[in-house]
Amino acid sequence: MPTVVFSFSKKKCEEIAHMLQSLDLNTAAERNSAHLFAIQTMKRLSPKDASLPQVVATCEMVKRGIGVHHGGLLPILKEMVEILFSRNLIKVLFATETFAMGVNMPARAVVFNSIRKHDGTRFRTLEPGEYTQMAGRAGRRGLDKVGTVIMCCFGEEPPPQLMLRNMLTGSSTRLSSQFRLTYNMILNLLRVEDMTVEGMIKRSFSEFATQRALTTNEYPKLLKRGTKALAKLEEEFVRDADIRIGAEDISHYYALSFKLLSSTSEGLNCLLSAVGNTAGGSLVPGRIVLVTSARKKGLVRSPAIVVQPPQISSTTKAVSSPAVCIALFPNSYDHVIDDNKPKPKEFHLNYIGTYKNRKYLYTHVELDEILFISQIKHKIDPRTLYKQESSLGRAHVGGASRVTNSFFSAKPMTRQVDDFGFGNLKARGKEGSRTVEDQSIEKVISLLVEAEAMEDSCSLDVLPLKECSKGGAFQGDDAFRLGDLSNQIINFAAELRTYKSHFHPNLLKHYTAVEKKESLSATVTALRHLLSNESLQLFPDFLQRKSLLKTLNYIDENDTVKVKGRVACECNTCEELIVTEMVFEGLLNELDPPEIVAALSALIFQEKTDVDLDPEIPERLKLACEAMRKIALNLGQLQNEHGLMIDPLEYCNSSLKFGLVHVVYDWALGVPFSNICQLTSVQEGSIVRCITRLDELCREVRNCARVVGNPTLYRKMEEASVAIKRDIVFASSLYVT
Amino acid sequence: MQGQDYEEDRQNQHLIASTTGTVMRTNKLIQVIQPNSLYSPQTGDPIIGRIVSIASSKWNVSMSLNSTTLPASLPLTGINLPDGMQRMRTSADALSMREVLKEGDVISAEVRMVQGQGVGGGNIVLHARSVRCGKLENGCFVMVPSWLIARRKKHFVVLGNEGEEGFDGVRVEVLLGCNGGIWIQRAMMELEDMADSGSIILEKVQKIRTDHANRNTTLEERTVVAKVRNAIEALKIVHCRITPENILMVMKATAQVGCSVMDMLRPEIIVEITKCTRRQT
């Protein structure tokens, strides 16, 4: 004692308290003081209200030392219970979780009736943060040595240990931005000259992370540097135009190659994930492909023969190790030997060899460096051609890659006898006799030269990727996409050959220059976009809302706020668009004050009730409510058209709730509170809250009437305010005496 | 719907306007916009007014030439303190109000609230806490009828940027108040850059303002300011809307005609330089 018992529904609280009717926890003295306090509270209410069932029941319970606290209670009763609890005159309090947020209400013990609750969308376990908040009530400083927390388990066994551990020791929920753009805010900001809505969005918490990254990474400086460098490159490019005779169309050529590269890589990706690592036979060893990787490797439009297909990790279905090819350098390639770097070993990756004055390179080829796949496929023995580095010391994720030939080659040109049955092969001697590898590499190079010549003269045939897709597991659109892509590739490749640059001997140099320029330009554009307003997350939302406001005539084309906009600025408590439309449609003109207030209550009341419009309300009011519904549907429809993801029917139903229309109408007419409580199943506390907020809305609509210039509406709203401000609904708080 | 500009004629079920003007319809609301009417303040309007007197913890500001029509009040909490600090206004502040703003000072402010009913507004409360608002010094004040100034996005504009003729390289700031008051001064340049960067430090702004106030205007600057003032007077005389675009056009025409500042106000010259504005309407 004192104890707080947390249940998560108001009904449950009442039920349990009801079951303890015979329990009396107070001594005679305490009962007296509680009684006195209760009588004092009653004095603030009119005699009729003092006989409300809820009031009577609560006072009775309180005398016995039992209390109930939830949102359905009348506010004055809630305060009474809180004050008595803090004075120790209530020994057991049955409350909902809102009590946990109250100030200065500690108890000795806290009991959890259940650890699952309904948070509006689904039934879930308590979050660690919520648990801490509620359990933290246990233990009063200076009065208790320990605080006790008890959890009730009504089932067969207690809840699973993992769930409990998470709830008790887990970290609390992360802070996330709840910033939402409302029409009210947009209109108010458009009125002021200094602030812009974009500035407001930039300062919100949701943009905090991105804006901070922008300043720490110094994007503005990078952008400036990039633009300057780009300008210089452009100048150079224009200047060197005369060197590029025969390749004037290089820029278009580059653009087309880029498109072809992306199509091919997309198609290959699709195939790889569906049919396995040789992409359905397109990347099988011996296949001739055309590669372009000007800046990184010095290859452009170069034929290459696949030596090892790409490895795919079985878990992620992504390429874990790219294909290995032998690529033929163009004639114009100038190989600079860098003595500082370790020389790659022959037949290993990155090895550059020479044969008959043509240089070739062993290299990894990424999917987006393949221009297209030709139909030519030669028979080669990859094991003689390519020796992989051993995999000792390299950890393979998923273990999917199999190392076929792993051995160390101590000296070049020596071979070890291995298990794959190359028994006949002689080791190379110093006399210079050629080994099998030399023979195969020579064969390969000649094949590549042949392919190059073919491409120059009569153009290699492109392998349609569609054909490789047989036997693959495709999902839905993928098959169609693949077909489209493969057609695209064939078309692009054919178009490529119509450009003069394709056959230019110095293509590599020019291509590299263009590639440098274009990639820098892409980076600069990306940076600029990041720094601009368009990268704000809420910016598209803002533009859509602004265009909606323009359609509805709240602002004009220059974003100046018009009369309707100024009226909407006055509305803070509820859906500003609906209220403004109501005012401008003259809906409120024929209604008298009680009816106006009743109609406006639909905008404020937010709880679900089963009963819709009561048939007993006057005809005019019913028509007004129907009109309101139509306005809401219209607005929902318009918002949908402008791109905001709002379902019109759902919008109408969520913003207008007619459950309390009859209640408020009667209250405004002067019916006593006890009578109106019987009209509905909604709890008294909710009714009181709704009416208090309604008073605020009345004041705002009155201001709207002033902006518009309608004195009758102004007077009506003042009368309405007076009509609802009485008795228990507006009884002053116990904390303010 | 009943508004304030018209009455109903019960017999014929017609609506008869009680004032002259253009009719504007918004849904069911019918408004009659008068061509010459008293300025009716709306929340958020920037205005330029003059201090008339000092009352307890607020200044009385007049928004028209005649100091009794359109009275407004600027409370002590509605201004930025000279040292830029954000704190509660103490009684010491209340006693030293005269040091901040005296009678006869011209200020720029925004309408914060219009209390009470009525067209002219019962009680107008101003506030001058944003960067652009405050005491105006070292410039020229012009009063034009309030209906010549339309509400737009930016009321405080800087003219005389590159490419605009007639300014001789001098940049001029023009503050168009919705009540008809216009203030012309040479541009306080740093303010523009700071506004873009998004974080405006009050002390810096105050320093810029005091610099601007203390520095004497050179002859060229004064000439250009005088030219702009005469341009606005010319527009006023021909009843043309005062917008930055119109001012620029008149300045350009003046440069082309080549007359001096004094001659700008001669009737023939006025007709000449405002010809361009007439052509568009």
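## A buried arginine in chain A

Buried here means a relative accessible area under 20%. Arg140(A) comes in at 9%, so it counts as buried. Keep in mind as you look around that this is a predicted model.

Where does Arg140(A) lie? You'll find Arg140(A) in a loop of chain A, on the way from α6 (128–135) to β7 (148–151). If you skip its neighbours within four places in sequence, Arg140(A) is in contact with Met1(A) and Pro2(A), with Asn88(A), and with Pro106(A), Ala107(A) and Arg108(A).

## A nonpolar patch on chain A

Now for something on the surface. Leu175(A), Phe205(A) and Phe208(A) make a nonpolar patch of about 360 Å².

Take Phe205(A), one of the patch residues. Phe205(A) sits in the loop that runs between α9 (197–203) and α10 (208–216) of chain A. How much of Phe205(A) is accessible, as a relative area? The value is 44%, and because partly exposed covers the range between 20% and 50%, Phe205(A) is partly exposed.

## Chain B as a whole

Over in chain B, you can trace eight helices and 14 strands. The chain has 281 residues, and 46% of them count as buried.

What about links between parts of chain B that are far apart in sequence? Take the contacts between residues at least 6 apart in sequence: 61% of these join residues at least 24 apart.

As for the outside, chain B exposes about 14,600 Å². Carbon and sulfur atoms supply 52% of that area.

Key:
Residues are numbered from 1 along each chain as its sequence is written. Chains are lettered from A and ligands numbered from 1 in the order in which they are written. This is a predicted model: local features need pLDDT of at least 70, side-chain atom pairs count only at pLDDT 80 or more; totals for chains, interfaces and linings use all residues. Side-chain values use heavy atoms; hydrogens and water are left out. Patches are made of residues with over 30% relative accessible area and no salt bridge: like charges are joined within 9 Å, nonpolar side chains (Val, Leu, Ile, Met, Phe, Trp, Tyr) within 5 Å. Accessible areas come from the Shrake-Rupley method with a 1.4 Å probe; for residues, only the protein chains shown count as cover. A salt bridge is a side-chain nitrogen of Lys or Arg within 4 Å of a carboxyl oxygen of Asp or Glu. Helices (H or I, at least four residues) and strands (E, at least two) are DSSP runs, numbered from the N terminus. Buried means under 20% relative accessible area, exposed over 50%, partly exposed in between (1.4 Å probe, protein chains only). Contact means heavy atoms within 4.5 Å.
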